[in-house]
Amino acid sequence: MAAATAAGAAAAAAAVSLLACYLLLHRTGAGPTRTSRSSGRRARRKGLLEAIGNTPLIRINSLSDATGCEILGKAEFLNPGGSVKDRVAVKIIEEALESGDLLCGGTVTEGSAGSTAISLATVAPAYGCKCHVVIPDDAAIEKSQIIEALGATVERVRPVSITNKDHFVNIARRRALEANKSAVAQRESSEKGTNGSAHVHARMSHSKITATQGESNKTLTNGSAHTDYEIQHNRKCDHDSDSKGGFFADQFENLANYRAHYEWTGPEIWQQTKGTLHAFVAAAGTGGTIAGVSRYLKEKNTNIKCFLMDPPGSGLFNKVTRGVMYTKEEAEGKRLKNPFDTITEGIGINRVTKNFMMAELDGAYRGTDREAVEMSRFLLKNDGLFVGSSSAMNCVGAVRVARDLGPGHTVVTILCDSGMRHLSKFFNDQYLANHALTPTATGLEFLDQ
């Protein structure tokens with residue numbers, strides 16, 4: 001069993017590497033640039049980073065034909081790390097390096113259900129950094145296997161409320177602080193009495209980190225989305241040193257997440273549709289994707305409708321439609337052990353993040369686990385699209401929007417990741433049977449119930 005697990009993890013890492021090589025060799029057009037608030041210089045990302053973004057916007061034939069609309073999916077599963085979160089990982093690390101919150105050779109920490117962690121583990125080495133991930137132990141096991149195969153440190157912890165100090169996000173925050181305290185102690189010990197030690201202490205102190213992370217959460221002005229920068233950092237990092245400290249990525253509250261999509265994903269969608277889209281719909285976890293894309297598209301054309309697609313148990317549907325953050329289960333005093341009751345991963349939440357607050361939405365839809373499961377099988381059978389749970393839920397939302405708008409409209413959604421990292425749960429027949437979710441539909445009739 002151990003050998004099989006190791007082999008599976010190695011195969012997963014190899015698949016990620018092969019995909020990255022393919023994208024580097026076969027993608028055409030101008031390479032992506034980096035954007036900053038402070039500098040007007042332009043620089044192209046190189047190596048692995050050049051393969052991130054510029055993903056195709058594909059027509060989902062079966063759904064388009066069934067609705068009479070053009071339903072288009074942004075194929076984010078073709079990023080080197082296999083998901084839309086590659087963009088977020090790049091933006092978070094680049095802004096942290098630019099601000100000095102993260103040093104080359106330092107450790108990026110994050111609490112993640114999987115995709116962001118995989119993306120951070122994929123791109124961190126390209127910036128000369130390490131990665132430490134804290135992941136809930138109810139996430140699909142293959143996700144943690146991939147992260148470990150990519151060379152990151154993985155902590156699997158039991159899922160608890162975000163208010164608990166041992167929630168995976170709170171633990172990740174502590175790991176960064178611990179790394180910084182260790183770095184300060186190590187540097188003070190080795191450089192005591194030198195002029196540079198005071199500077200090092202000031203740079204790596206907790207107060208510095210708190211201040212700069214707060215600054216990084218400030219919203220960019222609209223004009224800043226069109227400037228680019230170049231990060232200067234030493235590629236010859238000491239990866240074995242423990243004196244570089246840590247940086248908590250904080251994907252839920254760090255507005256670099258939102259900016260990645262406002263400055264990058266949104267413009268790509270606008271360009272690829274030539275501005276002819278009528279609606280955008282997506283689920284939200286951190287809220288970065290829906291916030292960045294919706295705000296950019298609304299600035300280009302206020303007539304574009306943007307909608308949230310929410311999974312079971314999440315409070316965002318009620319927040320958008322009623323202005324109150326609660327679920328039926330919470331209102332009746334029946335909240336379950338987990339923060340929300342769904343088999344989908346990476347979407348749904350019961351708090352409003354700073355990233356989600358940036359979204360400009362016209363409404364919201366609510367989906368079910370059965371709809372997501374059935375949609376994933378429908379897409380695989382009719383389009384050859386092997387997508388994960390959040391992508392399937394997004395496609396449920398796309399059909400709902402298309403039906404409400406009527407034939408002749410163009411609806412765009414996000415295909416966040418593939419089904420390859422959902423094999424032990426979302427694509428596991430026994431797991432689905434245990435949850436009374438065995439797929440039975442032959443068409444889209446599951447959306448008519």
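**Reading helices and loops in a predicted model**

Analyst: Helices α4 and α5 lie roughly parallel to each other. Keep in mind that this is a predicted model.

User: At what angle do the axes of α4 and α5 cross?

Analyst: Angles under 35 degrees count as roughly parallel. The axes of α4 (residues 115-123) and α5 (residues 141-149) cross at roughly 10 degrees and come within 9 Å, so the pair is roughly parallel. On the α4 side, Ala117, Ile118 and Ala121 make the contact, and on the α5 side it's Lys143, Ile146 and Ile147.

User: Why do contact residues in a helix often sit a few places apart?

Analyst: An α-helix has 3.6 residues a turn, so residues three or four places apart point the same way. Look at Ala117 and Ala121 in α4, or Lys143 and Ile147 in α5, which belong to the contact just described.

User: Let's step back. How many helices and strands does the protein chain have?

Analyst: You'll find 15 helices and ten strands. Of the 449 residues, 58% count as buried. As for the outside, the chain exposes about 18,600 Å², and 52% of that comes from carbon and sulfur atoms. The contacts reach along the sequence, too: among those with a separation of 6 or more, 76% join residues 24 or more positions apart.

User: How should I read a single helix? Take α14: what is its reach from first C-alpha to last?

Analyst: Compare its span with what you'd expect at 1.5 Å a residue. Helix α14 (residues 389-405) has 17 residues and reaches 25 Å, close to the expected 24 Å. Then check the cover: 14 of its 17 residues are buried, so to speak mostly covered. Finally, look at what follows: after α14 comes Gly406, with a positive phi near 95 degrees.

User: Which way do α3 and α9 cross, left-handed or right-handed?

Analyst: Right-handed. The axes of α3 (residues 85-99) and α9 (residues 256-272) come within 8 Å and cross at roughly 125 degrees, so the two helices are oblique to each other. Among the residues in contact are Val88, Ile92 and Glu95 of α3, along with Ala260, Trp264 and Glu268 of α9.

User: And how do α9 and α10 pack, at what angle?

Analyst: About 50 degrees, with the axes 7 Å apart; α10 covers residues 288-300. That pair is therefore oblique, and the crossing is right-handed. Among the residues that meet are Tyr258, Tyr262 and Trp270 in α9 and Val293, Tyr296 and Leu297 in α10.

User: What about loops? Where does Arg158 lie?

Analyst: Place it between its neighbouring elements, then check cover and contacts. Arg158 is in the loop between β5 (153-157) and α6 (168-191). Its relative accessible area is 53%, so it counts as exposed, since the cut-off is over 50%. Leaving out residues up to four places away in sequence, Arg158 touches Asp137 and Asp166. Pro136 is 22 residues away in sequence, yet its C-alpha is 5.5 Å from that of Arg158.

User: Which backbone angle stands out at Lys274?

Analyst: Its phi, which is positive at about 55 degrees although Lys274 is not a glycine. Lys274 sits in the loop between α9 and β7 (279-282) and counts as exposed at 71% relative accessibility.

User: Is Ala436 buried or exposed?

Analyst: Exposed, at 57% relative accessibility. Ala436 lies in the segment after α15 (429-434), and its phi is positive as well, near 55 degrees.

How values were computed. Residues are numbered from 1 along each chain as its sequence is written. This is a predicted model: local features need pLDDT of at least 70, side-chain atom pairs count only at pLDDT 80 or more; totals for chains, interfaces and linings use all residues. Side-chain values use heavy atoms; hydrogens and water are left out. Helices (H or I, at least four residues) and strands (E, at least two) are DSSP runs, numbered from the N terminus. Buried means under 20% relative accessible area, exposed over 50%, partly exposed in between (1.4 Å probe, protein chains only). Contact means heavy atoms within 4.5 Å. Accessible areas come from the Shrake-Rupley method with a 1.4 Å probe; for residues, only the protein chains shown count as cover. The expected span of a helix is 1.5 Å times one less than its number of residues. Axes are lines fitted to C-alpha atoms, for helices over the stretch in contact, and angles run from 0 to 180 degrees between N-to-C directions. Angles under 35 degrees count as roughly parallel, over 145 as roughly antiparallel, 65 to 115 as roughly perpendicular and the rest as oblique. A crossing is left-handed if the near helix is turned anticlockwise from the far one by less than a right angle, and right-handed if clockwise.
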